[in-house]
Amino acid sequence: GPDKPLRSRLAIPAPSPAFVSFERLYPLAFESHQSYLKQKQTAPNSEAWRTSLIESVTLFRQCLARPTAEANDEQRFQIQFTLAGLYRDAGHLYEAGVCAMHVARYADPSQPIAQASAALAFSALQEAHENHFGDPQHPGELEQMIKLCDLMDARGMKHPQLAKMRFGIGQLLERDGFYVEAAQTYVQVPRSSPLFAKAQLEAGRVFWAEATRRESEGNIERRDEIISCAAKYLDVAIEKLDSDKHPTPPLLAGKVARAKIALRRDDPQKAITLLDGDGGVLRQTGKNVKLSDEFVTAAYEYLFQAYSQAEDWAGMQSTLENLTKRYGPEGNDRIARLHRSIAKDFLDSLPADHAITMAQVNQLDSVLGAVLESKRDTAVDGVLWAAQVWERLGSRAQDSNIVTLCLHQCDELIKTASQSTNLDAAEKLGLRLKRIDLAQQLGNLVAALDLLSEILRQSPSAIDLQIRAAKLLVDAAEE
C-alpha cells in the first residue's frame, strides 16, 4: 500500500440554505477559514479542529449556493479554491479535485490562483489514486490527472511542476502495469524540461517491457511497432545521458534493453558497443554505480550472444572466461553447454561449399581446447563429442594435411576416452574399433593391426575381427 496512512474521510452534513446575502456570508466564511487554519496548526485532528473544519466547509458551500448575481467570478474562484483545500483536509479527495479543477479550467490562466488550483487538483487526485493502490482496475484518477495536465498545456499555463506531474503520472501508470499509457505519458515531457532525457529513457524501457510481456502472453499484435518505439526513445535517452559522469542504474538497464533489441535485429555490433564499448554497461559497472550481480551476469550473457551472432570466437572465449568466474562451481554445466554451443555455432558457420583452411582448424582447436581444459566437460561424453567434431571437420577438408590433422586429433581424444573407468567392455570395444577405422583412414595399417591384435588377445573367438585382421595383413603386405 501507500507509504503514508490514508486520510480519514470526515462526515460533513449537508448545509442548510443561508438566509443572509452573499455580501454578509463571504467575510464570515473567510473568518472561519482563518480560525480553522490556526486550529490546524496548533491542534490538528483534535475535536476543535474537526468542528472548525466542518463549520468552514459549511459556510463556503452556503456562499456558493447564493444566487449567481450576488458574487463576481473572482470571488467564486477564491471560494472554490479555498473549499478545495478544506475538502482535501477533510479526506473528500474527489470533491477537492472537482473544485480545484473548475478553477484551473475557468480562471485566467496567467493568475496565480489558476496555477495553484491545478497543483491542488493534482495532489488530491494523486492521493485518491493511492486509495486504489493494489486495485489497478481503477485508473480513473490517473485519467483525470492526464486530463488536468492536458488542460494546463491547452491553456498555456507555464506551471513549473507540469513536466514533473507528467513524469509522476507515468511512474504510477507503469507501477500499475499500464505500460503503453505510461510510455505515452512520459513522451509528453517536453524537450525543454530537465526531465526530458530521463522521461525518454523511461518511455523506451516501458515500451520494451510491454513488448516482452506481449510475447510471454503469446500476443504479437503490434509487437514490432512497440519494439521500434522502444528503440527510438532508448536511442534518444542514451545519446543525451551518455555524457553523464555518473551513469544511473535505469540508464544501464536501458542500454541492456537496447542491446537486446539490437540482437533481435541481427545487429550484434550495436549490442557489443552498448554492453562492452567505451561507454558500455560492463565498463561502467562498479565504477560509479552499484548493480546487482544478477544484472551484471545477465549483461555478460547478452554479450556472449552478441559475439556469437557476430561469429567473433575470441570475443566469445573472453566473455566465457568472465562468465566462468561469475558462475562459480555451480555453473559448471552451464559453462559446458556454452562451450559446446560455441563449437557447434563455429561448425555451422563454416560455408559448406568452401574447403576447410588451416586457420579454421586452429580456431576450432582453441575453441575445443577450452571445452576440454575447462575441466568442466572432461566426462567421457564430452571428450567423445569433441572427437566427433574433429571427425566432422576432417570429412569436409580437401587438403590431405588438414584431413590427417583432424583425424589424428579425433583419434587422440578417443584414446583418452577409452581409458575411462566409466565404460563397460562393449563400449570400450566400440571405441577400439573406431580407432582401427581411423588408423585405416590415415593409412596407418601397422597401428590398425596392433589395435586389432590387442582385441583378439582378449576375445580370440571373434570371427569377424579375425577376418578383418587377415585382410589388414594382406593390405599391409601389399604396401
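**Note on the predicted model**

1. With a relative accessibility of 0%, L53 counts as buried, since the cut-off for that class is under 20%. The model under review is a predicted one. L53 sits in helix α2. Setting aside residues up to four places away in sequence, L53 touches L10, Y36, L86, D89 and A90. Between the C-alpha atoms of L53 and L162 there are 30 Å, and the two residues are 109 positions apart along the chain.

2. The overall make-up may be stated next. The protein contains 22 helices and zero strands. Its 479 residues include a buried share of 45%. Of the contacts with a separation of 6 or more, 61% are made by residues 24 or more positions apart. The accessible surface comes to about 25,000 Å², and carbon and sulfur atoms account for 51% of that surface.

3. On overall dimensions, the radius of gyration of the protein is 38 Å, whereas a compact globule of 479 residues would have one near 23 Å. Taken along the principal axes, the box filled by the C-alpha atoms is roughly 135 × 40 × 40 Å. One pair of residues gives an example of a distance within this box: T416 and G91 are 80 Å apart, C-alpha to C-alpha, and 325 residues apart in sequence.

4. T416 itself belongs to helix α19, which covers residues 400-417. The relative accessible area of T416 is 45%, so this residue is classed as partly exposed, a class that lies between the 20% and 50% limits.

5. Which helix holds M152? M152 is found in α6, a helix that spans residues 140-154. M152 has a relative accessible area of 0% and is therefore buried. Leaving aside neighbours within four places in sequence, the contacts of M152 are A118, M157, H159, L162 and M165. The C-alpha atoms of M152 and A118 are 7.6 Å apart, although 34 residues separate the pair in sequence.

6. The largest pocket has a volume of about 270 Å³. Its lining consists of 18 residues, and those closest to the pocket centre are H159, L162, A163, P190 and S193. H159 and L162 also appear among the contacts of M152.

7. Which helix supplies the largest share of the lining of the largest pocket? That share, four residues, comes from α7. Both α7 (162-175) and α6 (140-154) contribute at least two residues to the lining. By class, the lining of the largest pocket comprises eight nonpolar, six polar and four charged residues.

8. Two backbone angles deserve a reader's attention. N45 is not a glycine, yet its phi is positive, at about 65°. This residue lies in the loop that runs between α1 (22-42) and α2 (47-65). Is N45 buried or exposed? N45 counts as exposed because its relative accessibility is 55%, and the cut-off for that class is over 50%.

9. R222 is the other case: its phi is near 60°, again a positive value in a residue other than glycine. R222 is placed in the loop between α9 (196-216) and α10 (223-241).

10. To recapitulate, the predicted model shows a protein with 22 helices and zero strands. Its radius of gyration is 38 Å, against a value near 23 Å for a compact globule of 479 residues. L53 in α2 and M152 in α6 each have 0% relative accessibility, whereas N45, in the loop between α1 and α2, is exposed.

Technical notes. Residues are numbered from 1 along each chain as its sequence is written. This is a predicted model: local features need pLDDT of at least 70, side-chain atom pairs count only at pLDDT 80 or more; totals for chains, interfaces and linings use all residues. Side-chain values use heavy atoms; hydrogens and water are left out. On a 1 Å grid over the protein atoms alone, a cavity is a set of points where a 1.4 Å probe fits but cannot get out, and a pocket is an open set with protein on both sides within 12 Å along at least five of seven lines; lining residues have an atom within 4 Å of a point. Grid points are joined across faces, edges and corners, and a volume is the space filled by probe spheres set on the points. Ala, Val, Leu, Ile, Met, Phe, Trp, Tyr, Cys and Pro count as nonpolar, Asp, Glu, Lys and Arg as charged, and the others, Gly among them, as polar. Buried means under 20% relative accessible area, exposed over 50%, partly exposed in between (1.4 Å probe, protein chains only). The radius of gyration is taken over C-alpha atoms; the globule rule is 2.2 Å times the number of residues to the power 0.38. Contact means heavy atoms within 4.5 Å. Accessible areas come from the Shrake-Rupley method with a 1.4 Å probe; for residues, only the protein chains shown count as cover.
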